[in-house]
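User: I'd like to go through the labels on this one and see what backs each of them. Can you walk me through the reasoning?
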Amino acid sequence: MDLASLMNPPRKHEEDAAPRRLQLIRIQTTVLLQGALSAAQESVKSFRHMRDVLTGAYAQART
């Protein structure tokens, strides 16, 4: 009996691990895309707000 086999559990076949790895990659990609999209949306909102402040567009809305 091999002592290393008692200490380390047998590894799964690589074919079994591939779908799990793909699922993790898809989740990571989705999270990164959502973060990038929300950052882009916030940048657009900030730009529009500052443009309105600098051009005086809010002054017309107040009167």
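User: Why is the contact of K45 with E42 called a salt bridge?
Analyst: This is a predicted model, and in it the closest N and O atoms of K45 and E42 are 4.0 Å apart. The cut-off is a Lys or Arg side-chain nitrogen within 4 Å of an Asp or Glu carboxyl oxygen, so the pair gets the label.

User: Where do K45 and E42 sit along the helix?
Analyst: They're 3 residues apart in helix α2 (residues 14-55), which means about one helical turn separates them.

User: What makes K45 exposed and E42 partly exposed?
Analyst: Exposed needs over 50% relative accessible area, and K45 has 54%, so that's settled. E42 comes in at 46%, and partly exposed is the range between the 20% and 50% cut-offs.

User: How do you know that R51 forms a salt bridge with D52?
Analyst: Same kind of check: their closest N and O atoms are 3.7 Å apart, and the limit is within 4 Å. That pair is one of 2 salt bridges in the structure.

User: Is D52 buried or exposed?
Analyst: Buried: its relative accessible area is 19%, and the cut-off is under 20%. R51, at 41%, counts as partly exposed.

User: What makes Y58 eligible for the nonpolar patch?
Analyst: Patch residues need over 30% relative accessible area, and Y58 has 35%. Y58 lies in helix α3 (residues 57-62) and joins M50, V53 and L54 in the patch, with about 400 Å² of accessible area together. Helix α2 gives the most, with 3 residues.

Definitions and conventions:
Residues are numbered from 1 along each chain as its sequence is written. This is a predicted model: local features need pLDDT of at least 70, side-chain atom pairs count only at pLDDT 80 or more; totals for chains, interfaces and linings use all residues. Side-chain values use heavy atoms; hydrogens and water are left out. Helices (H or I, at least four residues) and strands (E, at least two) are DSSP runs, numbered from the N terminus. Buried means under 20% relative accessible area, exposed over 50%, partly exposed in between (1.4 Å probe, protein chains only). Patches are made of residues with over 30% relative accessible area and no salt bridge: like charges are joined within 9 Å, nonpolar side chains (Val, Leu, Ile, Met, Phe, Trp, Tyr) within 5 Å. Accessible areas come from the Shrake-Rupley method with a 1.4 Å probe; for residues, only the protein chains shown count as cover.
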